[in-house]
There are 4 protein chains.
Amino acid sequence: MLKVGSYSFNSRLLLGTGKYPDFDIQKQAVDVSESEILTFAVRRMNIFEASQPNFLEKLDLEKYTLLPNTAGAKTAEEAVRIAKLAKASGLCDMIKVEVIGCWKTLLPDPVETLKATEELLKEGFTVLPYTSDDVVLARKLEELGAHAIMPGASPIGSGQGIINELNLGFIIEQSNVPVIVDAGIGSPADAAKAMELGADGVLLNTAVSAAKDPVKMAEAMKLAIEAGRLGYEAGRMEKKRYATASSPSEGMSVG
Amino acid sequence: MLKVGSYSFNSRLLLGTGKYPDFDIQKQAVDVSESEILTFAVRRMNIFEASQPNFLEKLDLEKYTLLPNTAGAKTAEEAVRIAKLAKASGLCDMIKVEVIGCWKTLLPDPVETLKATEELLKEGFTVLPYTSDDVVLARKLEELGAHAIMPGASPIGSGQGIINELNLGFIIEQSNVPVIVDAGIGSPADAAKAMELGADGVLLNTAVSAAKDPVKMAEAMKLAIEAGRLGYEAGRMEKKRYATASSPSEGMSVG
Amino acid sequence: MLKVGSYSFNSRLLLGTGKYPDFDIQKQAVDVSESEILTFAVRRMNIFEASQPNFLEKLDLEKYTLLPNTAGAKTAEEAVRIAKLAKASGLCDMIKVEVIGCWKTLLPDPVETLKATEELLKEGFTVLPYTSDDVVLARKLEELGAHAIMPGASPIGSGQGIINELNLGFIIEQSNVPVIVDAGIGSPADAAKAMELGADGVLLNTAVSAAKDPVKMAEAMKLAIEAGRLGYEAGRMEKKRYATASSPSEGMSVG
Amino acid sequence: MLKVGSYSFNSRLLLGTGKYPDFDIQKQAVDVSESEILTFAVRRMNIFEASQPNFLEKLDLEKYTLLPNTAGAKTAEEAVRIAKLAKASGLCDMIKVEVIGCWKTLLPDPVETLKATEELLKEGFTVLPYTSDDVVLARKLEELGAHAIMPGASPIGSGQGIINELNLGFIIEQSNVPVIVDAGIGSPADAAKAMELGADGVLLNTAVSAAKDPVKMAEAMKLAIEAGRLGYEAGRMEKKRYATASSPSEGMSVG
């Protein structure tokens with residue numbers, strides 16, 4: 001059970017809603033993923049422009065918790081403004097803080113992320129900041145009261161998987177709120193690895209939407225996250241430099 | 001569907017039966033894994049010594065295909081002798097050739113593996129040789145007529161996962177018979193990765209039997225292999241050095 | 001030529017002075033390394049306690065530029081105080097800002113590092129901040145006016161080498177001041193790798209002082225940094241998935 | 001001092017002579033590298049066709065030991081024939097056995113390599129077989145009497161560096177003859193890493209000849225190999241998961 005603030009979820013997969021080939025495939029992928037939390041950029045909400053097709057209209061919004069994000073924000077001020085706009089829609093009071101500090105790498109701005117998180121916590125939001133894997137920054141976000149920490153595995157949409165397992169492990173060790181690995185997951189093995197490290201959840205988008213078959217990949221991700229979580233709970237074997245026979249050699253009757 | 005010689009299987013997980021804490025846990029792990037192929041060292045069969053407890057007696061052998069292995073063999077001659085002993089038991093006609101060339105690393109002997117494979121194919125066995133990830137050796141085994149190729153990910157029982165993805169990828173690309181990654185898998189992410197590379201199956205033992213909770217890990221492995229296979233079929237996104245926004249920037253209404 | 005603020009150096013190796021077996025070995029290692037910049041924790045300076053043996057007393061201080069660091073500081077305020085103490089000694093006006101945010105990982109505090117850097121720049125210091133490999137944080141430090149950026153390869157004294165080549169590469173790409181990889185280097189190959197990525201220098205300590213033979217390792221590091229720099233300037237070959245013959249096949253006269 | 005059979009060398013860098021932009025650059029690179037062993041494909045020798053320019057004619061052959069290789073051979077028989085042709089030229093009695101088993105990956109054929117090595121040893125050659133990193137195969141080559149073992153780091157000309165450090169380490173541990181890492185080295189850090197693992201030498205070609213500035217890269221490689229060797233002899237620090245302060249905290253006088 002993944003608990004974020006006052007919310008509880010059975011699924012540990014948070015799915016993004018951007019860049020699917022079409023809304024039907026998006027809907028099928030979301031269904032198959034069994035994700036309960038859908039994230040989307042507030043700036044893409046056409047809720048104020050009813051004439052345009054809405055990426056959310058195919059989805060049964062009763063079934064999902066919406067997690068709007070502040071993608072597009074370059075400053076804390078912009079992020080706060082976007083978050084308030086989302087809340088005003090009445091759809092949600094959770095917000096994923098995303099303040100980008102570099103448009104080439106889409107890596108987050110640590111200072112503005114801290115500021116936005118602080119401000120939005122004061123305003124009563126349930127706040128999930130997207131952050132780099134800077135270990136001390138992650139602790140500062142938790143100390144401010146963030147409801148979850150969302151360190152990136154690698155740059156958004158890069159599909160490079162987890163580059164720094166050590167930092168991710170440190171963040172997981174130190175955190176008392178959920179750690180949700182966000183950004184950079186490229187394949188089911190990446191997602192499983194994040195969960196094996198002890199992450200509480202994984203947020204991904206491009207790995208599904210840019211797969212050749214997004215619906216099948218959504219299912220793969222659902223299973224991978226379950227597998228990784230079970231693997232974490234089961235307690236993996238230790239790694240060894242040298243081999244160890246899996247067939248005991250005692251009592252050999254042949255040879 | 002995994003097809004090896006004249007056999008077909010729904011599951012792509014081949015499970016070893018060695019070194020479980022006890023036979024009950026072994027049975028539960030096997031059940032939960034939904035594996036259809038169980039491997040075991042022939043030298044551990046106590047079928048000729050009915051007075052001793054038998055590691056297979058808890059299992060409903062109607063449900064499984066048994067894949068005896070020649071663990072303990074140092075030469076082709078020994079491997080052939082062990083294989084014939086297994087066949088004489090009437091339990092199976094598949095054999096996993098395992099001829100160890102180094103007791104510290106448990107890495108296979110390429111020359112004796114080739115010889116044993118050739119001899120056992122002549123004798124009519126369905127032969128699955130365990131081999132290093134030497135690409136040319138793998139092709140030679142296929143040219144002899146091996147029914148599957150079983151390259152190691154890393155040393156037996158080491159849990160180091162896949163060290164050489166490149167060679168494994170080359171073996172998968174060149175092979176027209178199933179490639180089953182055997183040895184070295186340590187965690188669900190490792191198993192998923194093997195399947196994403198295009199392997200047809202994964203054989204593992206210690207990763208389950210030496211987990212703190214083998215039954216839960218067996219379930220994790222089952223899911224990871226399904227996830228990896230689906231991920232392979234779905235066609236993963238390309239990796240990129242730089243980031244790519246998952247939220248399209250067109251039509252920004254906020255900012 | 002490495003230029004930091006108004007200083008120029010032929011050597012790109014910055015050497016720490018801590019934890020050598022004894023002061024003679026320290027001196028020999030420093031000599032052999034041909035390093036021109038020596039770093040040390042201000043808190044270890046016994047300059048006010050002339051009765052105690054001083055780690056600097058064996059060294060010909062005319063030959064070196066001293067780079068005191070603020071190790072031990074937990075806040076910007078402490079770091080500034082330590083820096084001023086160092087300057088008051090008359091030995092130097094460069095300072096390596098090191099504000100630790102976690103005593104288990106010795107990873108730096110991004111917020112306090114920014115503050116200390118800003119304050120010390122105002123005071124006229126030549127400031128080299130030790131930082132995580134957070135890409136946006138590195139840019140903010142440069143924007144403040146830092147004279148060099150010193151991202152860690154991995155935790156101080158861990159010897160794990162470069163974990164995140166991608167972020168290090170991004171920092172090098174974006175920076176107009178020298179990037180000196182600091183912390184985590186464990187072996188000559190690690191140091192060469194940092195230089196090949198385009199770093200302007202490497203700061204290390206434990207890799208030399210904790211080697212079995214620190215003097216020999218100091219020489220190894222000197223050569224590795226030269227090798228890595230030359231390799232960077234020479235422009236390495238591209239990596240390829242498949243092989244390429246180094247012996248042209250045209251004009252084969254044998255076969 | 002690198003000893004191969006009855007030969008001794010100060011340099012641990014073996015350099016290939018193929019694919020340089022022109023013979024002048026080749027000569028300069030060879031000079032700067034301080035390599036004492038030059039390898040070349042026998043099939044490229046134009047010694048019998050005096051009218052054509054010869055790649056060796058710029059070099060002072062008194063200074064070098066020539067190591068012809070059997071590149072182009074697909075079988076042991078071909079390799080033996082090529083080796084004899086080289087010996088007949090009177091230039092050398094060392095031979096690098098290279099029997100390729102796959103033209104896409106240029107990976108060696110283990111069976112034919114064994115055969116060719118055995119045959120050439122009988123004929124009195126000093127034999128250095130190029131092999132995969134199959135650990136048992138390497139031991140068999142040594143048992144035959146090979147004068148050095150030359151495992152590949154990754155495919156010829158791929159520049160991928162060392163993929164399987166574990167196998168390379170195992171081969172080095174078990175071998176009583178020199179282990180010379182051959183093929184796949186892409187950069188100075190790769191070469192240093194091979195030497196740190198305990199290799200006795202490195203053979204490379206494309207990493208130098210395909211660099212933007214081959215002469216500068218030749219110097220880089222020379223230094224990297226010296227650095228890696230010194231690092232190996234110096235005994236590197238242990239890797240640690242957590243940080244260790246390089247500035248002792250005892251006697252803090254500040255803070």
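## How the two copies are related

In this predicted model, a turn of 180° with a shift of 0.0 Å along the axis lays chain A on chain B, with an RMSD of 0.0 Å (a least-squares superposition on the C-alpha atoms of residues with pLDDT of at least 70 in both copies). That is the relation of a two-fold axis. Among the residues of chain A, A:Ala189 comes closest to this rotation axis, its C-alpha lying at 2.4 Å.

Both copies use the same surface: 100% of the contact residues of chain A recur in chain B. Contact here means heavy atoms within 4.5 Å.

## What the interface is made of

Let's look at where the chains meet. On one side are 68 residues of chain A, in contact with 69 residues of chain B. Together the chains bury about 5700 Å², and 61% of that is on carbon and sulfur atoms (buried area is the accessible area, with a 1.4 Å probe, lost by two parts on being put together, summed over both).

## Polar links across it

The interface of chain A and chain B holds two salt bridges (a side-chain nitrogen of Lys or Arg within 4 Å of a carboxyl oxygen of Asp or Glu). One of them joins B:Lys216 to A:Glu233, with the closest N and O atoms 2.9 Å apart.

## Reading notes

Residues are numbered from 1 along each chain as its sequence is written, and chains are lettered from A in the order in which they are written. Local features need pLDDT of at least 70 and side-chain atom pairs pLDDT 80 or more, while totals for chains, interfaces and linings use all residues; side-chain values use heavy atoms, leaving out hydrogens and water.
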